[in-house]
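Reader: Before I plan anything around this complex, could you take me through the model one question at a time?

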Amino acid sequence: MKNRRELLKLAALGGGAVYLSGLAGQAVAAAPKAAATPYEDFYFVQLSDSHWGFSGAPNPDAANTLKKAVAAVNALPEPPEFIVFTGDLTHTTDDPAERRRRMAEFRDIVSALKVKQVRFMPGEHDASLDRGAAYKEFFGETFYAFDHKGVHFIAVDNVSDPGARIGDEQLAWMKADLAKRPADSPIVVLTHRPLFDLEPKWDWATRDGAQAVDILMQYPKVTVFYGHIHQEHHHMTGHIAHHSAKSLIFPLPAPGSQPARTPLPWDPAQPNRGLGFREVEAEPDTANYRIREFGVARA
Amino acid sequence: MQPHNRRDWMQRALALGAAPFLFTAARSVPAQTGEAQVVKIVAQRFHYTPGEFRVKAGRPVILEFTSIDFVHGFNMPDLKVRADLPPGFVTRVPLPIAKPGTYDFVCDNFCGDQHEEMHGRMIVQA
């Protein structure tokens with residue numbers, strides 16, 4: 001992976017679409033517990049907000065966009081070690097049978113991904129109307145944790161409650177889960193809504209997100225990847241970096257840039273404008289995460 | 001199932017996390033409610049009616065919501081006021097006296113396919 005890291009550094013120097021997140025300049029030797037852990041670079045892919053089942057003018061090609069993204073990920077020259085899908089897998093519907101039909105179709109489409117380790121999370125479109133019941137039938141628990149090569153990942157559910165609350169129970173679980181880790185462990189939080197008040201007038205927030213951030217602030221190496229806002233966005237709360245991903249259905253306007261959060265109009269000359277996915281190169285020894293954005297039609 | 005009485009309503013509101021609002025609201029009800037400007041608003045998937053209204057600056061404002069079909073939310077971030085709007089009841093939401101300007105509000109309880117379009121605006125005139 002060393003070559004891959006060097007390649008990404010060169011891309012950054014050359015003005016490529018690489019975003020560096022983390023604790024720049026922190027040396028391995030400066031992290032006491034890191035020295036005891038054999039860290040190894042790896043990379044994963046983040047996909048988000050496919051809204052399978054949506055139809056409408058903002059994306060006349062909605063029936064194909066997710067499939068194009070799957071093909072684009074499969075065409076990456078080096079496969080990621082795993083893929084995360086940060087919510088709104090499907091577009092909401094009041095009909096429980098239709099909701100399940102959409103989830104089944106989504107699952108079938110993403111089963112074509114060559115990389116079989118895929119971690120799912122719900123968005124409010126998947127889970128808010130039935131508090132995650134259908135989602136759990138297809139994709140399992142709505143919040144969980146896992147480890148990969150020295151990085152601790154936590155998937156936080158801030159959507160099963162229609163009021164966008166994580167809730168006391170999950171917050172307590174999160175606190176207890178983190179308490180088991182060395183304080184300087186690299187931690188990546190995966191979630192759907194922003195944990196901070198990005199634009200409350202557009203409901204771009206998590207009602208008790210500040211409590212989650214308070215817990216995370218006690219740890220020096222935390223980075224958050226999320227979805228929901230259908231665009232790339234980068235924000236710091238203290239030392240914690242928050243990175244939102246593009247969607248796979250339609251782009252939304254920049255936070256607060258217009259009166260309403262209506263989708264950007266579809267442009268037939270650029271049918272995939274604003275859509276895409278990202279790869280994240282994790283450097284656990286320094287808690288740096290290099291982000292590269294890709295369009296859905298890259299394949 | 002709809003809540004049947006005030007106790008049920010309170011329990012539901014508390015379950016939805018509205019406790020801070022409820023007790024703050026109780027303190028901030030204008031003493032001279034006769035001077036307050038009362039605006040009646042219907043909340044229904046996926047809009048408020050009226051979606052835009054005007055009030056005079058310098059006088060208290062009380063919003064009276066009737067929700068038809070869902071526990072919609074009301075969130076006006078610029079005035080730091082939010083409430084849950086359970087159906088079957090009139091929910092009174094006192095607002096702090098605001099300077100002239102435009103104040104947007106949004107439903108912040110996800111209510112379905114066009115939830116993202118459920119928002120409104122209060123215009124405070126000098």
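Author: This is a predicted model, and a good place to begin is a strand pairing in chain B, where N75(B) has its bridge partner in β6(B), namely R82(B).

Reader: How many bridges join β5(B) to β6(B)?

Author: Strand β5(B) covers residues 72-76, and β5(B) and β6(B) run antiparallel. The two strands form a hairpin with four residues between them, and in this hairpin K80(B) takes a positive phi near 55°. The pair N75(B) and R82(B) belongs to this pairing, and the number of bridges that join β5(B) to β6(B) is five.

Reader: Which residues of β6(B) point the other way from V81(B), A83(B) and L85(B), and is the strand enclosed or open?

Author: In a regular strand the side chains alternate between the two faces of the sheet. Five of the five residues of β6(B), residues 81-85, are buried, so the strand is largely enclosed by the rest of the structure. While V81(B), A83(B) and L85(B) point one way, the residues that point the other way, also buried, are R82(B) and D84(B).

Reader: Is Y103(B) buried or exposed?

Author: Y103(B) lies in strand β8(B), residues 101-106, and, leaving aside residues up to four places away in sequence, Y103(B) touches M76(B), D78(B), L79(B), A98(B), R121(B), M122(B) and V124(B). A residue needs 20 or more other C-beta atoms within 10 Å to count as buried. Because Y103(B) has 20 C-beta neighbours inside 10 Å, it counts as buried.

Reader: What share of the 126 residues in chain B is buried?

Author: Chain B has two helices and nine strands, and along the sequence the two helices come before the strands. Among its contacts between residues at least 6 apart in sequence, 62% join residues at least 24 apart. Of the 126 residues in chain B, the buried share is 34%.

Reader: Turning to chain A, which residues of α7(A) are buried?

Author: Helix α7(A) spans residues 209-216, and its buried residues are G209(A), A212(A) and L216(A). Seen down the helix axis, they fall within an arc of 60°, so they line one face of α7(A). An α-helix has 3.6 residues a turn, so residues three or four places apart point the same way. The elements of chain A against which the buried residues of α7(A) pack include β6, α6 and β7, and the buried residues themselves are G209(A), A212(A) and L216(A).

Reader: Where chain A touches chain B, how many of its residues are charged?

Author: In this contact, 17 residues of chain A meet 14 residues of chain B. By class, the side of chain A that touches chain B has six nonpolar and four polar residues, and the number of charged residues is seven.

Conventions: Residues numbered from 1 in each chain as written. Chains lettered and ligands numbered in written order. Predicted model: local features only at pLDDT ≥ 70, side-chain atom pairs only at ≥ 80, totals over all residues. Buried ≥ 20, exposed ≤ 12 C-beta atoms within 10 Å, placed from the backbone. Arc of directions from axis to C-beta. Contact = placed C-beta atoms within 7 Å. Nonpolar A, V, L, I, M, F, W, Y, C, P; charged D, E, K, R; others polar. Pairing = 2+ DSSP bridges.
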